[in-house]
Amino acid sequence: MPGAQFWSVLFFIMLASLGLDSTFGGLEAILTAISDEWPQLFGSHRKLFCLGICAYCFLGSLPTTTYGGQYVITLLDFFGPTIAILFIVFVEAAAMCWFYGVRRISNDVNKMLGHKPGPFWVVCWVCISPVFILAIFVLTLASYKPLELGPYVFPQWSVGLGWILTASSILCIPGYMVYKLAITKGNFWTRVKKCIEPEEYFLDPAEAIALKNGHGKDHPECNDIFKEGGQTI
C-alpha cells in the first residue's frame with residue numbers, strides 16, 4: 001500500500017485519541033461522583049485522588065500486555081461491559097421514562113430549548129428504547145454459551161470470576177433499592193411509593209434570599225422564588 005508508514009502512524013494516533021477520550025470520560029465520572037459525595041476527603045485532594053485512580057487503572061491493565069493478555073481481554077470484554085451495561089442502561093431508561101415521567105422530561109426540555117420534544121421522541125423514550133434494551137439483555141442471557149477463544153475453552157473458575165465481575169456492577173442497583181426501602185419511613189407500600197417518586201428540592205425563603213443576593217437583584221429565577229416565598233423546583 002502506498003504510504004503505509006504514514007497511514008499506520010495516523011491509525012495509531014487515532015487509537016491513542018480514542019483511548020484518551022474514553023479514559024477522560026470514565027475517570028471524570030468516578031472522580032466527580034466520589035468527590036461530590038465526600039468533598040472534604042477527596043475533593044480537597046482531587047489531583048492526588050486522580051493520580052491514585054490512574055495508577056490503579058495502570059496496574060490493573062498490565063496483565064493484558066502479557067502473553068496471556070488476549071485471554072484476559074476476552075474475559076473482561078464479555079463479562080465486564082456487555083451484560084452489566086445493558087442492565088444499567090435499561091434501569092436508567094426505565095427510571096427516567098417510566099418513573100420520572102415523559103411529561104417531566106418534556107417540561108425540562110421545554111425550559112432549556114423553548115419547545116417540547118415531538119411525538120417520535122416520546123414514543124422512543126416510553127416504549128422503544130426500554131423494551132428493546134430489555135429484550136437484548138434477556139436474549140444475551142438466554143443465548144449464553146461457554147466462553148471460548150479459538151480452540152481454548154475457559155475453565156469454570158475463570159467463568160465464575162467473570163460472573164462475579166458482572167455482579168459487582170449489577171448488584172449495586174438492587175442493593176441500593178433495598179437500602180433506600182429500608183430507611184424510608186411508613187408501611188411497605190408507602191415506602192415503595194416514596195422510593196419510586198421523583199425527589200423534589202424545596203427552596204425555602206432564606207435560601208431564596210441567599211441565592212438572590214448571590215446572583216444579583218435582577219436574576220429572574222431568584223425573583224420568582226423570592227416573590228412566592230418558597231417554591232418546589
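# Exercises on a predicted model

V131 has a relative accessible area of 46%, so this residue counts as partly exposed. The structure used throughout these exercises is a predicted model.

## Exercise 1: A patch on the surface

Find the element in which V131 lies, and work out which residues form the nonpolar patch on the surface.

*Solution.* Begin with the position of V131, whose place is in helix 4. Next, look at the residues that join it on the surface: W98, F99, V123, I128, V131, F132 and I196 form a nonpolar patch, and together they have about 650 Å² of accessible area. Then ask which elements supply this patch; those that give two or more residues are helix 3 and helix 4, the latter covering 119–142. Finally, compare the contributions, and you will see that helix 4 provides the largest share, namely four residues.

## Exercise 2: The largest nonpolar core

Determine how many residues make up the largest nonpolar core, and which they are.

*Solution.* The core holds 11 residues in all, and these are I83, A84, L86, F87, F90, V91, A94, I133, F137, I170 and I173. Once the members are listed, sort them by element: helix 3 and helix 4 are the elements that give two or more residues to this core, and the largest share, seven residues, comes from helix 3. As background, nonpolar side chains tend to be buried together in soluble globular proteins. For the chain as a whole, 19% of the 233 residues count as buried.

## Exercise 3: An aromatic pair between two helices

Classify the pair formed by F79 and W163, and decide whether each partner is buried or partly exposed.

*Solution.* A search of the whole structure finds 16 aromatic pairs, and one of them joins F79 to W163, with 5.2 Å from centre to centre and 70 degrees between the planes. Because planes over 60 degrees apart count as edge-to-face, the pair of F79 and W163 belongs to that class. The next step is to place the partners: F79 lies in helix 3 (residues 69–113) and W163 in helix 5 (residues 156–170), so the pair ties together parts that are 84 residues apart in sequence. Turning to accessibility, F79 has a relative value of 0% and therefore counts as buried, whereas W163, at 32%, counts as partly exposed. As a last step, place the pair in its surroundings, where F78, F79, Y144 and W163 form one aromatic cluster.

## Exercise 4: Charged side chains and their partners

Identify the partner of R46 in a salt bridge, and find the ring over whose face R104 lies.

*Solution.* The search of the whole structure finds one salt bridge, and it is formed by R46 with E28, whose closest N and O atoms are 2.7 Å apart. Since R46 lies in helix 2 (residues 46–61) and E28 in helix 1 (residues 4–37), the pair ties together parts that are 18 residues apart in sequence. Both ends can then be judged by accessibility: R46 is partly exposed, with a relative accessible area of 30%, and E28 likewise counts as partly exposed, at 39%. For the second part of the task, R104 lies over the face of Y100, at 5.9 Å from the ring centre.

Conventions: Residues numbered from 1 in each chain as written. Predicted model: local features only at pLDDT ≥ 70, side-chain atom pairs only at ≥ 80, totals over all residues. Heavy atoms only, no water. Phe/Tyr/Trp six-rings, centres within 6.5 Å; stacked < 30°, edge-to-face > 60°. Buried < 20%, exposed > 50% of the residue type's maximum accessible area, 1.4 Å probe, protein only. Lys NZ or Arg CZ within 6 Å of the ring centre and 35° of its normal. Patch = residues over 30% accessible without salt bridge, like charges linked within 9 Å, V, L, I, M, F, W, Y side chains within 5 Å. Areas by Shrake-Rupley, 256 points an atom, 1.4 Å probe, with all protein chains shown as cover. Salt bridge = Lys/Arg side-chain N within 4 Å of Asp/Glu carboxyl O. Core = buried A, V, L, I, M, F, W, Y, C linked by side-chain atoms within 4.5 Å.
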